[in-house]
Structure formats: structure tokens, C-alpha cells
Amino acid sequence: LDERGLDLQYRAARVRAGDLGDLKRAGSGGLAGFNVTAPLKEEALALCDDLTPVAAAVGAVNVVRVQEGRWQGHNSDAGAVEAVLRAIRITDTPPPQSAVVMERVTA
């Protein structure tokens with residue numbers, strides 16, 4: 001935020017799975033945007049009014065921009081994974097066409 005000259009604050013808030021909709025119903029609490037971690041990514045996806053093409057393709061949202069009460073969902077995870085895979089690729093072989101992202105599941 002400082003680097004971009006934005007006069008905004010970045011704070012942590014704990015939100016339980018299933019409770020993200022409360023934030024939207026409350027008018028987003030004056031937020032300009034926020035990011036979420038698992039297990040809220042699919043919940044955020046379902047609550048967004050608009051999705052970037054990446055978020056729609058991935059099926060998960062981890063960054064939400066709030067503008068005039070509407071939530072626009074984006075996924076920055078996909079780009080980060082792609083950047084790491086490109087950085088570690090050191091051969092001339094064609095890049096893989098798919099990747100696996102593992103999620104911790106508790107029983």
C-alpha cells in the first residue's frame with residue numbers, strides 16, 4: 001500500500017467458514033477490498049458479483065475488490081504458481097500442460 005501511495009490500512013481478521021456472507025450483507029464494512037485464505041476461497045467465489053477470467057477458470061477467489069457494494073473476485077494464486085514453475089524450469093523441454101495444487105483436508 002505504501003509503495004503505491006495508497007492511504008489504506010491492511011489488517012488481519014478471523015472469519016469462520018460460512019460467515020463471509022455476513023460481511024457482504026453488512027455492506028462490506030467500508031472495505032476497499034480484502035484477501036482470503038483457505039477454506040474461504042470457494043465461499044468468496046460464490047459471493048462475488050463479478051469474476052476475473054482467471055478466478056472463473058480456477059474456480060476460487062483469494063482477492064476481492066469492493067466497489068460500490070459489488071464484489072469483484074480475482075485469483076492471484078494461479079499466477080504465483082505459474083511464476084514459480086517458470087522460474088524452476090531449466091530445460092528446453094515443453095512446459096507441462098497441467099499442475100496439481102494440494103489442499104490440506106481435515107477429517
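## A walk through the fold, its pocket and a buried glutamate

Starting at the N terminus, the elements of this protein run α-β-α-β-α-β-β-α. That gives four helices and four strands, and keep in mind as you look around that this is a predicted model. If you draw a box along the principal axes, the C-alpha atoms fill roughly 50 × 40 × 25 Å. Of the 107 residues in the protein, 19% are buried.

Now for the empty space. Rolling a probe the size of a water molecule over the atoms shows where such space is left. The largest pocket comes out at a volume of about 930 Å³, and 26 residues line it. To find its centre on your screen, look for Tyr-10, Arg-11, Gly-33, Phe-34 and Asn-35, the lining residues that lie nearest to it. Three elements give two or more residues to this lining: helix 1 (20–25), strand 1 (33–35) and strand 3 (63–67). Strand 1 gives the most, with three residues. As for chemistry, the lining of the largest pocket has 17 nonpolar residues, alongside six polar and three charged ones.

Follow the chain on from strand 1 and you get to the loop that leads to helix 2 (41–47), which is where Pro-39 is found. Have a look at the backbone here: the peptide bond joining Ala-38 and Pro-39 is cis, with omega at about 15°. Most peptide bonds are trans.

Next, step into helix 2 itself and pick out Glu-43. Which side chain of opposite charge is nearest to this buried residue? That would be Arg-25, but Arg-25 is 7.4 Å away, and Glu-43 has no salt bridge; a salt bridge would need the charged atoms within 4 Å. What the side chain of Glu-43 does reach is backbone. The backbone nitrogen of Gly-18 is 2.7 Å from the Glu-43 side chain. A polar atom of that same side chain also lies 2.9 Å from the backbone nitrogen of Leu-20.

One more stop, further along the chain. Between strand 3 and strand 4 (70–74) there is a loop, and Glu-68 has its place there. Its backbone is worth a click: Glu-68 has a positive phi of about 55°, although it is not a glycine. Most residues other than glycine have a negative phi. Is Glu-68 buried or exposed? Glu-68 is exposed, with a relative accessible area of 79%. So the two glutamates on this tour make a handy pair to look at: Glu-43 is buried, whereas Glu-68 is exposed.

How values were computed. Residues are numbered from 1 along each chain as its sequence is written. This is a predicted model: local features need pLDDT of at least 70, side-chain atom pairs count only at pLDDT 80 or more; totals for chains, interfaces and linings use all residues. Side-chain values use heavy atoms; hydrogens and water are left out. On a 1 Å grid over the protein atoms alone, a cavity is a set of points where a 1.4 Å probe fits but cannot get out, and a pocket is an open set with protein on both sides within 12 Å along at least five of seven lines; lining residues have an atom within 4 Å of a point. Grid points are joined across faces, edges and corners, and a volume is the space filled by probe spheres set on the points. Ala, Val, Leu, Ile, Met, Phe, Trp, Tyr, Cys and Pro count as nonpolar, Asp, Glu, Lys and Arg as charged, and the others, Gly among them, as polar. Buried means under 20% relative accessible area, exposed over 50%, partly exposed in between (1.4 Å probe, protein chains only). Lys and Arg count as positive and Asp and Glu as negative; His and the chain ends are not counted. A polar contact is a pair of N or O atoms within 3.5 Å; within protein, one must be able to donate a hydrogen and the other to accept it, and residues adjacent in sequence count only if both atoms are side-chain atoms.
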